[in-house]
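Subject: Structure handover

Hello,

Here is the structure I promised you. Please open it, then read on for what I found.

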Amino acid sequence: MTFGITQGPALRSGEDPEAGPDGPARRPVLMNPGPVMTHERVRSALAGPDMCHREPEFSRLLTRVRRKTTAVCGGGDEHTAVMLTGSGTCAVEAAISSAVPEAGGLLVIDNGHYGERLHHIARAHAVRTHRWELGWGTPVDLGALDRLLAADPGLTHVGVVHHETSTGMLNDVAAVTAIAHAHGREVVVDAVSSVGAEALSLRDDAPDWLAGSSNKCLEGAPGLSFVAARKAAFEALGSGPRRTYYLDLHRHYRAQEEAAAPAFTPGIPAFYAFDAALDLALAEGREARLARYTRLAQQLRGGLEGMGLEILLRPEHRAAALTAVRIPRGLTYAELHGGLRRDGFVIYSAQEQLAQDFFRLSTMGCMTAGEIGSFLSALERLITERHR
């Protein structure tokens, strides 16, 4: 099942991306990995009525969103989700700072920018950390992981990024979790750029803590994030450390679970939008959404390879929602970005050591095959003009 989304044509070459020829603004095609282009129902929901967050109306909205979020994370009756007003990093930081006990430690699997971020978050909260640097785009060596955990019983938790958007790599969270659990350790998963599309389930894959965001594969508006886990795990946080105030997961859990109320003033419009986005996600289904993203990614990658452009990573390691591609010869990223922006397409630079040579293209969100075709035509035209 698909949404039957019609976005309208991309902008023509040289056309102002902020306004169409008749005056009303046209949306550029967002090929950055979040915020994504959203369904009209999601955008319309942002204009919901003003609401007090201490009234029953918001309690009902919060409860609906928590229930639907748990469902899209593959949770059962024993699981729940705690909502946070903030980006995906907010949820990741809340999970790490709340879940790792005072005498515990975190083994960070670092094979990209966001793996490194797990390390920096843990260090900021004085959590003992073993940063396992594999190198960007390097798959996790499961045998080495087993040996690392066996060698250091003090590493009570493992931190791993599911979809590492610095490279487009998909890490095998299920295998990592199985090894960690065999050693009696818990797993914190940064699923910010994967939940809702890539295969990941609280019941089937059993990560202990899943941090996600509203505005990537779940196609909501930016501004909300969440941590999903077993209810018993949230309850157990009551005896854990209080490293933060605003990001204390136990504080948020108690408020949302016991009073159906937020601990602090939430971003209410983002809740309206996420409620609508979750309805769309549940109606489409994770497998169908992944299939939709995969078709777009295959179309995009086939076109890029047809132009002779190099795509980062082996195919078996790539997530469906993002492609990292080498900048065409003779162009700088600034020239590439500017030229494509004039044609109505927003691309994304690579990070750190890849920034000089690569850029990134997302296929998440309400994007169509026609828009991918228009993008490929615009890119080919830009490359041809440069080489005349």
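Strand 3 (residues 105-110) and strand 4 (residues 128-133) run parallel, joined by six bridges. The model is a predicted one, so please read every value as computed. One pair to look up is Ile109 and its bridge partner in strand 4, Trp132. Helix 4 (residues 113-124) completes the picture: with strand 3 and strand 4 it makes a right-handed β-α-β unit.

Next, strand 9 (residues 209-213). Five of its five residues are buried. Both faces are covered. Trp209, Ala211 and Ser213 lie on one side, Leu210 and Gly212 on the other. In a regular strand, side chains alternate between the two faces of the sheet.

Strand 9 has partners too. With strand 8 (residues 186-190) it pairs in the parallel sense, over three bridges. There, Val188 stands opposite Trp209. With strand 10 (residues 224-230) the pairing is antiparallel, over five bridges. Here Gly212 stands opposite Phe226.

Last, helix 12 (residues 369-386). Its 18 residues, at 1.5 Å each, should span 26 Å, and the end C-alpha atoms are indeed 26 Å apart. Which of its residues are buried? They are Glu371, Ile372, Phe375, Leu376, Ala378, Leu379, Leu382 and Ile383. Seen down the axis of helix 12, they fall within an arc of 165°, so they line one face of the helix. What covers them includes strand 1 (29-30), helix 10 (286-306), helix 11 (333-342), strand 12 (345-346) and strand 14 (358-362).

Best wishes

Note on methods. Residues are numbered from 1 along each chain as its sequence is written. This is a predicted model: local features need pLDDT of at least 70, side-chain atom pairs count only at pLDDT 80 or more; totals for chains, interfaces and linings use all residues. Side-chain values use heavy atoms; hydrogens and water are left out. Two strands pair if DSSP finds at least two bridges between them. Helices (H or I, at least four residues) and strands (E, at least two) are DSSP runs, numbered from the N terminus. A crossover is right-handed if, with the strands pointing away from the viewer, the path from the first strand over the helix to the second runs clockwise. The expected span of a helix is 1.5 Å times one less than its number of residues. Buried means under 20% relative accessible area, exposed over 50%, partly exposed in between (1.4 Å probe, protein chains only). The arc is that of the directions from the helix axis to the C-beta atoms. Contact means heavy atoms within 4.5 Å.
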